[in-house]
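Please open the model in a viewer and keep the selection tool at hand. The stops below are given in the order in which they may be selected.

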Amino acid sequence: LDRACRRVIIPTDRRGTDRNQRREGGVTGLSKHLDTNMTEGSIFRQLLFFSLPLLAGNFFQQCYNTVDSIVLGNFVGKAALAAVGTTTPIINTLIGLFLGLSAGIGVVISQFYGAKEEEKVGQAVQTGLLLVLLLCAVFTVVGILMVPAMLRLMATPEDVFGEAKLYLQIYFAGVSGLMLYNLGAGILRAVGDSRRPLYFLLFSAGVNTGLDLLFVAKFQWGIAGAAIATILAQLLSAVLVLGVLTFTSSSCRIRWKGMRMQKGILRNMLVVGLPSGLQLAITSFSNVFVQSYVNRFASSCMAGWAAYQKIDAFAILPMMTLSVSATTFVGQNVGAGNWNRAQKGTRMALGMATVVTVLILIPLMIWARPLCALFNQESQVLDFGVYFIRLISPFYLIANFNQIYAGALRGAGDAKMPMYIMLGSFVVFRQIYLLVTYQCFGTLLPVALGYPVGWVLCSVLLLGYYRSGKWKKRSLVGEESAYE
């Protein structure tokens, strides 16, 4: 860990004045070539090389729950696959709230980093860590307690209810590992280091796969074994990333002794993170109702929907990754006062997301059935999975717009309007649409189209707002009250 932290950064202020100040007794940067100053240089190159390790990291993080589904679907059966699939909206409801708050922490850190405010970077790290430690306790208790009510709300069939409840309660008992990893990884990414979070995920994802096979296939612990494997692997990734942040001598170092929250910095983290978190949480909660409609079409449909959701989670990774990259890019450039470059980066991220999505859609449409067969080989399950993939996935091209523009707006410090637009599109409009169409037709097609219609509306509204220019304002680091 010590050898990974040897680069000296000599910061400059916004006018480029050389400060020529080094920290006494140590270096102040991240490891050589791992941090990324996005305020200068090739935009395409910076987005590409920042996104690639981030994409790989997201891929392996997604493998946690997907490996659970593959192992359970093949070694236990479609009921276990359906049980894990029906837990996804519940997990995402609480985790979405945390990820939004984590994004707020990352935006504040990236803007301080872009403005060369190294002391404020350190203060933001301490503030963010204390906030997350508090949330770990809250989310563990709330998550465990809310499981039965949420499963009932989704009209979960009795043949999968018990296993779904067991999986979720074990998962939330160990959710702190996931939360602490994402905090640490978010801190590193905010200052341009997207590689080490990848390395840790590569290792922990491999551990998760091995433990899944050991606990489920050999020990025959069933769905409990899959959940235990997941939380152990996530805890390992958290230990690794927090270890790096503890032993680094950079400005983002965690100093465990004497930690305290900075009131102004905490307020700015909540200003950006709370709207984003509420939007993600409420959107995920609305997916509980989507799942409740799917659950009305029997376990084969539920298992097919679960297979589609796992494949979908991988297919949308490029747009999600470039959204995070756009947040960091815009955050650093807004912090440096370079609004024009921030807008160019947003356009570049959108173009890159569109090209990659097209390249993904071609094999996805062709090999939909073999991909679904990874999770379960029953004919009815495969038919439903292929139906969902080929109907919904072409709309990813439209979803690119709302993801990239929302990420850019958050990076600029404007998180409220994306929240309003996404909640209106993904929650209010989608739920009205599902209620009306199901009452009128009672068939699977309008339920399956519930996601795409929300994407279309959200993309149109966000594009219009972004082009209006109303989101342009002073960066968070320009507000003295933010860190007094």
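In this predicted model, begin by selecting helices H3 and H4, residues 118-153 and 158-173 respectively. Their axes lie 8 Å apart and make an angle of about 170°. Since angles over 145 degrees count as roughly antiparallel, H3 and H4 are therefore roughly antiparallel to each other. Next, display the side of H3 that meets H4: Phe-139, Thr-140, Gly-143, Ile-144, Val-147, Pro-148, Leu-151 and Arg-152. Facing these residues, H4 contributes Glu-158, Phe-161, Ala-164, Lys-165, Leu-168, Gln-169, Phe-172 and Ala-173. Sorted by class, this contact comprises 10 nonpolar, three polar and three charged residues.

Move on to helix H7, residues 222-247. The C-alpha atoms at its two ends are 39 Å apart, which agrees with the 38 Å that its 26 residues should span at 1.5 Å a residue. H7 is mostly covered, with 19 of the 26 residues buried.

Now select Ser-69, which is found in helix H1, residues 43-75. Is this residue buried or exposed? Ser-69 counts as buried because its relative accessibility is 0%. Beyond neighbours within four places in sequence, Ser-69 is in contact with Leu-81, Val-84, Lys-310 and Phe-375. Add Ala-80 to the selection: it stands 11 residues from Ser-69 along the chain, and their C-alpha atoms are separated by 8.0 Å.

Finish with two cysteines. Cys-301 has 0% relative accessibility and therefore counts as buried; Cys-458, at 0%, counts as buried as well. A search of the whole structure finds zero disulfides.

Notes: Residues numbered from 1 in each chain as written. Predicted model: local features only at pLDDT ≥ 70, side-chain atom pairs only at ≥ 80, totals over all residues. Heavy atoms only, no water. Disulfide = S-S within 2.5 Å. Buried < 20%, exposed > 50% of the residue type's maximum accessible area, 1.4 Å probe, protein only. Axes fitted to C-alpha atoms, helices over the stretch in contact; angles between N-to-C directions. Helix = DSSP H or I, 4+ residues; strand = E, 2+ residues; numbered from the N terminus. Parallel < 35°, antiparallel > 145°, perpendicular 65-115°, else oblique. Contact = heavy atoms within 4.5 Å. Nonpolar A, V, L, I, M, F, W, Y, C, P; charged D, E, K, R; others polar. Expected span 1.5 Å × (residues − 1).
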